[in-house]
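Here is a short set of exercises to work through with the model open beside you. Try each task yourself before reading its solution.

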Amino acid sequence: MTADELDAFWSVARHQTRTNPVPGYLGTFSGEALVPPAWAFGATPEQADELIQLVLDGTKTATASAEWDYVHEDEQLPRVGDLAIVLDGSQHPRALIEVMRVDVVPFETVDAEHAHLEGEGDRSLEHWREVHRRFFTEHASHDRGFDPAMPVVLERFRVLYPR
């Protein structure tokens, strides 16, 4: 992904979704000042391609992350209203999303509704737990390992602009 490609995507997306007319404190438009963070779902290019397709199809409207990764990386948790540009496996921008809801719950209490909204596999809670247990173990940035009581950040989002 080049900065020019990201800027071009943001320019079109912010105008198509009317996210640009938000006045800032200094008389500028905040939507024009900052390009939202850009990232891909999953840990591999193949996962990124599979998951962005689920987003673009409208099947995937939620995601989950290990809170311990946010703490380890000193990153702020997502907030309602946050925007993000989602990339495909080749690092090309494919969608602008908005966070609609954020909850932090123990892994073991994630429910079937959330698993269904993530849209992966057969969309069952059993599938979600198996896949996420493995993902949170194999791709953690922290060194705490997996724990069924570990805090998980659950996000619901909507697509504002698909490409």
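The cover over the buried residues of helix α3 includes β3 (83–87), β4 and β5. Keep in mind that this is a predicted model.

**Exercise 1. A helix and its two sides**

Task: Find the buried residues of α3 and work out how they are arranged around the helix.

Solution:
- Step 1: Start with the length. Helix α3 covers residues 45–57, which is 13 residues, and at 1.5 Å a residue it should span 18 Å. The end C-alpha atoms are 18 Å apart, so the model agrees with the expected span.
- Step 2: Pick out the residues with under 20% relative accessible area. In α3 the buried residues are Ala48, Leu51, Ile52, Leu54 and Val55.
- Step 3: Look down the axis of α3. The buried residues fall within an arc of 155°, and therefore they line one face of the helix.
- Step 4: Now turn to the face directed away from the buried side, where you will find the exposed residues Glu46 and Asp57.
- Step 5: Finish at the end of the helix. Gly58 follows α3 and has a positive phi, near 85°.

**Exercise 2. A glutamate in a loop**

Task: Decide whether Glu120 is buried or exposed, and list what it touches.

Solution:
- Step 1: Locate the residue. Glu120 sits in the loop between α5 (112–118) and α6 (125–138).
- Step 2: Check its accessibility. Glu120 has a relative accessible area of 13%, so it is buried.
- Step 3: Leave out residues up to four places away in sequence; Glu120 then touches Leu51, Leu54, Lys60, His127, Val131 and His132. Among these contacts, Leu51 and Leu54 also belong to the buried residues of α3.

**Exercise 3. Charged pairs**

Task: Look at three of the salt bridges and say how accessible each partner is, then find a network.

Solution:
- Step 1: Recall the idea behind the search. Side chains of opposite charge can pair when their charged atoms come close. The whole structure holds eight salt bridges.
- Step 2: Take Arg158 and Glu98, whose closest N and O atoms are 2.7 Å apart. This pair links distant parts of the chain, with Arg158 in strand β5 (residues 151–162) and Glu98 in strand β4 (residues 93–106), 60 residues apart. Arg158 is partly exposed at 42% relative accessible area, whereas Glu98 is buried at 16%.
- Step 3: Move on to Asp88 and Arg94, where the closest N and O atoms are 3.8 Å apart. Asp88 is buried at 9%, and Arg94 is partly exposed at 21%.
- Step 4: Next come Asp103 and Arg101, with their closest N and O atoms 2.7 Å apart. Asp103 counts as partly exposed at 27%, and so does Arg101 at 40%.
- Step 5: Lastly, look for shared partners. Lys60, Glu118 and Glu120 are joined into one network by salt bridges that share partners.

**Exercise 4. Aromatic rings**

Task: Which residues form one aromatic cluster, and which residue lies over the face of Phe41?

Solution:
- Step 1: Count the pairs. The structure holds seven aromatic pairs.
- Step 2: Look for the group. Phe107, Trp128, Phe135, Phe136 and Phe146 form one aromatic cluster.
- Step 3: Go to Phe41. Lys60 lies over the face of this ring, at 5.1 Å from the ring centre. You have met Lys60 before, as a member of the network with Glu118 and Glu120.

Methods
Residues numbered from 1 in each chain as written. Predicted model: local features only at pLDDT ≥ 70, side-chain atom pairs only at ≥ 80, totals over all residues. Heavy atoms only, no water. Phe/Tyr/Trp six-rings, centres within 6.5 Å; stacked < 30°, edge-to-face > 60°. Lys NZ or Arg CZ within 6 Å of the ring centre and 35° of its normal. Helix = DSSP H or I, 4+ residues; strand = E, 2+ residues; numbered from the N terminus. Buried < 20%, exposed > 50% of the residue type's maximum accessible area, 1.4 Å probe, protein only. Contact = heavy atoms within 4.5 Å. Salt bridge = Lys/Arg side-chain N within 4 Å of Asp/Glu carboxyl O. Expected span 1.5 Å × (residues − 1). Arc of directions from axis to C-beta.
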